[in-house]
Amino acid sequence: MKLLIIDDEVEFAATLCRRLQLRNIDAIDVHSGEAGLGVLSEVNPDIVILDLKMHDMNGLDVLEHIKAYDPEIEVIMLTGHGSVRAGIEAREKGAFDYIIKPIDLSDLLVKIDAAAQQQAERRA
């Protein structure tokens, strides 16, 4: 499984990436929406962890670009407190799920596993 983390909070994204790599998940992190879209064809991720609010692009716009590139990529949105409505909107636009920051790693791992399972069932 290849996982791409797109979040402009550099330390958060790098730490999350390292923690996932320690669990044998092939993860990389980038720190802007533009950078995420720029590496999409190179990385070909199965799952994207995507921040909703970034300095250069809205996460919902990035989500639309990802789904246009490959609708089978599962996207888990990261939202801040008070952004539950945006998380719901993201699901309506094709996101697999959303999780509210600060994240609980075990909750995120459950969502990653569920996203990977759904993707595998769709590809079977």
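**Exercise 1. Is Asp51 buried or exposed, going by its relative accessibility?**

Before we start: this is a predicted model, where local features need pLDDT of at least 70, side-chain atom pairs count only at pLDDT 80 or more, and totals for chains, interfaces and linings use all residues. Residues are numbered from 1 along each chain as its sequence is written, and side-chain values use heavy atoms, with hydrogens and water left out.

*Solution.*
- Step 1: get the cut-offs. Buried means under 20% relative accessible area, exposed over 50%, and partly exposed in between (1.4 Å probe, protein chains only).
- Step 2: apply them. Asp51 has 4% relative accessibility, so Asp51 counts as buried.
- Step 3: place the residue. Asp51 sits in strand S3; strands (E, at least two residues) and helices (H or I, at least four) are DSSP runs, numbered from the N terminus.
- Step 4: check the record. UniProt lists Asp51 for "modified residue: 4-aspartylphosphate" in an unreviewed entry; such annotations may be inferred rather than shown by experiment, positions follow the numbering used here, and feature names are shortened.

**Exercise 2. Work out what surrounds Met77.**

*Solution.*
- Step 1: find Met77 in strand S4.
- Step 2: read its accessibility. The value is 0%, so Met77 is buried too.
- Step 3: list partners, where contact means heavy atoms within 4.5 Å. Skipping neighbours within four places in sequence, Met77 touches several residues, including Leu50, Asp51, Leu63 and Tyr98.
- Step 4: turn to the core. A nonpolar core is a set of buried Ala, Val, Leu, Ile, Met, Phe, Trp, Tyr and Cys residues joined through side-chain atoms within 4.5 Å. The largest one here has 21 residues, and Met77 is among those with the most contacts inside it, as are Leu50 and Leu63. H3 gives the most to this core, with 4 residues.

**Exercise 3. Trace the sheet and the helices lying on it.**

*Solution.*
- Step 1: write down the order. The open sheet has 5 strands, S2-S1-S3-S4-S5, with parallel pairing. Two strands pair if DSSP finds at least two bridges between them.
- Step 2: spot the edges. They are S2 (26-30) and S5 (97-100), each pairing on one side only.
- Step 3: zoom in on one pair. S1 and S2 are joined by 5 bridges, and Lys2 has Asp26 of S2 as its bridge partner.
- Step 4: add helices. H4 crosses S4 and S5, at about 160 degrees to S5. H5 (residues 105-123) lies across S1, S3, S4 and S5, at about 155 degrees to S4. Axes are lines fitted to C-alpha atoms, for helices over the stretch in contact, and angles run from 0 to 180 degrees between N-to-C directions.
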